[in-house]
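Student: I should like to learn how to read a protein model. Could you guide me through one?

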Amino acid sequence: MSLGVLLLAAGQSRRFGPQDKLLAPLAGRPVVAHALDALALPEADFRLAVVSTDQVATITRQAGFDTLPVAPGLPQADSLKAGLDWLRQRGITRLLVALGDMPWLHVADMRAILKLAGDRAACAASGDIPMPPAVFPGSMFGALALLSGDRGAGALLQGVPASHRLSLPAARLRDIDTPADLPTG
């Protein structure tokens, strides 16, 4: 199986204010740099970040990711489909999707989701709520390509059985939406 890792890092940061939340400092580094740390998976055949700014593209390239620039303001599903198309052209058969605004995840979390998936879909879960990061097998690429809107693959994650949802601490599954989501001090 050929694994593609896809980081979605092209959001608008509407609720964050004028600054790009992915560039906001967290423990001395940009938020997106922490999300990239969790994706340091040598077993990945391809690593791609879908980005909408040159600054985020520079950070993702420095982390060893290919970058796919998209226009700012696209719905999340469009970024996901653009990244999926790029990776499919390279022959991937399995896709790990993560978000650039989730800085508290670990490499071990990604490996655990990949292991849980096997040749099926799997995702993280907070309680009963399925969420990214998520793994999709090639058999689901057609459904991913039909997504639309700003919920990304949320509808597909609802269909992931409980046995393929990895329960993770809520503190690690937090994302950054507003400046208040960043720790102070």
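Tutor: The following turns go from the whole chain to a single helix. Please keep in mind that this model is predicted.

Student: Which secondary structure elements does the chain have, and how many of them?

Tutor: One begins by counting the elements. The chain has 7 helices and 9 strands.

Student: Why does the radius of gyration of the chain agree with that of a compact globule?

Tutor: One compares the value with that expected from the chain length. A compact globule of 185 residues would have a radius of gyration near 16 Å, and the chain has 15 Å, so the two agree. As for its extent, the C-alpha trace spans about 40 × 35 × 30 Å along the principal axes.

Student: What share of the residues is buried, and what share of the contacts joins residues at least 24 apart?

Tutor: A residue counts as buried under 20% relative accessible area. Buried residues amount to 51% of the 185 in this chain. Of the contacts between residues at least 6 apart in sequence, 71% link residues at least 24 apart. The accessible surface is about 8400 Å², with 54% of that area belonging to carbon and sulfur atoms.

Student: How should I read a single helix, and what span does α3 reach?

Tutor: One compares its span with the expected one. Helix α3, residues 76-88, reaches 18 Å from its first C-alpha to its last, close to the expected 18 Å.

Student: Which residues of α3 are buried, and what covers them?

Tutor: The buried residues are Ala 77, Ser 79, Leu 80, Gly 83, Leu 84, Trp 86 and Leu 87. Their cover includes strands β1, β4, β5 and β6, together with helix α5.

Conventions. Residues numbered from 1 in each chain as written. Predicted model: local features only at pLDDT ≥ 70, side-chain atom pairs only at ≥ 80, totals over all residues. Heavy atoms only, no water. Helix = DSSP H or I, 4+ residues; strand = E, 2+ residues; numbered from the N terminus. Expected span 1.5 Å × (residues − 1). Buried < 20%, exposed > 50% of the residue type's maximum accessible area, 1.4 Å probe, protein only. Contact = heavy atoms within 4.5 Å. Rg over C-alpha atoms; globule rule 2.2 N^0.38 Å. Areas by Shrake-Rupley, 256 points an atom, 1.4 Å probe, with all protein chains shown as cover.
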